[in-house]
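Student: I would like a close look at one part of this model. Please take me through the helix pair and its surroundings, then set it in the whole chain.

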Amino acid sequence: MVSLDLVMGRRALPSIDPNFDLSRHLKTWDDLPRPWDLTSLYGRLAPLEVEVGSGKGMFLQSAASGTPDHNFLGTEIARKYAQFTASRLAGRELKNAVMVRCDAQRLFAELLPDASLAAVHVYFPDPWWKKRHHKRRVMNELFVKEIARTLAPGGSLHFWTDVKEYFDASLEVIAAHTRLLGPLSVAERPAEHDLDFRTHFERRMRLLDEPVYRAQFYTGR
Ligand SMILES: C[S@@+](CC[C@H](N)C(=O)[O-])C[C@H]1O[C@@H](n2cnc3c(N)ncnc32)[C@H](O)[C@@H]1O
């Protein structure tokens, strides 16, 4: 039996040893290379995948360890989650993953070059439930245009949420303002073990037996 607190993820984040060196895995907005340069972040050139709002970093850890020939950049606006995720990446000595504490919308608008990304991942973005707050949602017209601009030929956008209305609205915005191909729907895969979920929020929703809406888009080649 899984405890509710474990399911809901309400436990405080573990504290991070202040002597633990996060310098390689945790960057601030000011640390980012200008002009954009992957070699200074990863020590190598490789296809880059960006996650928007990494939270506790489950996706970043598993994707970076499962796809070692790609570079991964997690973005997170909340300092405590950015630090937590960076500590996990550092603890696993993942050389192909970096966490940056920043607003992902600013990163795309100001730093990421055209056609520079192999994939963009947006998992369970904050729903901003009230109608008057919908303008704060990340899946907005400007941002989906930025995603389409920065994806390289053959690149993909992965968007999952548990909020059906947000899902439908986002698919409409993507169709109206980009030429991305899709959506392809992504089938739910049974979890093979307790950590076999793409993100912490996916785990939470599935353990609560709530639906998750998943879509994938592609650029043409
Ligand atoms: C609902 S949580 C989902 C976290 C994770 N993707 C998951 O599925 O478990 C959304 C996360 O996005 C972060 N966030 C919200 N707006 C952001 C932005 N503009 N740039 C980067 N991170 C953002 C929040 O701080 C929060 O950690």
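Tutor: What follows starts with one pair of helices and works outward.

The model is predicted. Keep that in mind throughout.

Start with the pair. Two packed helices are described by the angle between their axes and the distance between the axes. Here the partners are helix 6, residues 141-150, and helix 7, residues 164-177. Their axes come within 9 Å. They cross at roughly 60°. An angle of 65 to 115 degrees would count as roughly perpendicular, and one under 35 degrees as roughly parallel. The crossing falls in neither class, so helix 6 is oblique to helix 7. The crossing is right-handed.

Now the residues that touch. Helix 6 contributes Glu141, Val144 and Lys145. Helix 7 answers with Val173, Ile174 and His177. By type, the contact of helix 6 with helix 7 holds three nonpolar residues, one polar and two charged.

Next, the strand numbered 6. Strand 6 covers residues 151-161, and Ser156 lies in it. Is Ser156 buried or exposed? Its relative accessibility is 9%, and buried means under 20%, so Ser156 counts as buried. Set aside the neighbours within four places in sequence, and Ser156 is in contact with Ala118, Ala119, Val120, Leu151, Phe217 and Tyr218. Strand 5 spans 117-123, a range that takes in Ala118, Ala119 and Val120 of that contact list.

Step back to the loop between strand 5 and helix 6. Two of its residues have unusual backbone angles to check. Most residues other than glycine have a negative phi, and most peptide bonds are trans. Phe124 lies in this loop. Its phi is positive, near 50°. At 8% relative accessibility, Phe124 counts as buried. Trp128 lies in this loop too. Its phi is also positive, near 45°. Trp128 has 32% relative accessibility, so Trp128 counts as partly exposed.

The peptide bonds deserve the same check. Gly182 and Pro183 are joined by a cis bond, with omega about 5°. Pro183 sits in strand 7, residues 181-185. A cis bond also joins Arg34 and Pro35, with omega about 0°. Pro35 is in the loop between strand 1 and helix 2, the latter being residues 38-42.

One more loop, toward the N terminus. Ile16 lies between helix 1, residues 4-8, and strand 1, residues 26-28. Its relative accessibility is 27%, so Ile16 counts as partly exposed. Beyond residues up to four places away in sequence, Ile16 touches Gln83, Phe84 and Ser87. Ile16 and Lys80 are 64 residues apart in sequence, yet their C-alpha atoms are 9.9 Å apart in space.

Last, the whole chain. The protein chain has eight helices and eight strands. Take its contacts with a separation of 6 or more: residues 24 or more positions apart account for 78% of them. Of the 221 residues, 48% count as buried. The C-alpha trace spans about 50 × 50 × 35 Å along its principal axes. For 221 residues, a compact globule would have a radius of gyration near 17 Å; the protein chain has 17 Å, so the two agree.

Methods
Residues numbered from 1 in each chain as written. Predicted model: local features only at pLDDT ≥ 70, side-chain atom pairs only at ≥ 80, totals over all residues. Heavy atoms only, no water. Helix = DSSP H or I, 4+ residues; strand = E, 2+ residues; numbered from the N terminus. Buried < 20%, exposed > 50% of the residue type's maximum accessible area, 1.4 Å probe, protein only. Contact = heavy atoms within 4.5 Å. Axes fitted to C-alpha atoms, helices over the stretch in contact; angles between N-to-C directions. Parallel < 35°, antiparallel > 145°, perpendicular 65-115°, else oblique. Left-handed = near helix turned anticlockwise from the far one by under 90°. Nonpolar A, V, L, I, M, F, W, Y, C, P; charged D, E, K, R; others polar. Rg over C-alpha atoms; globule rule 2.2 N^0.38 Å.
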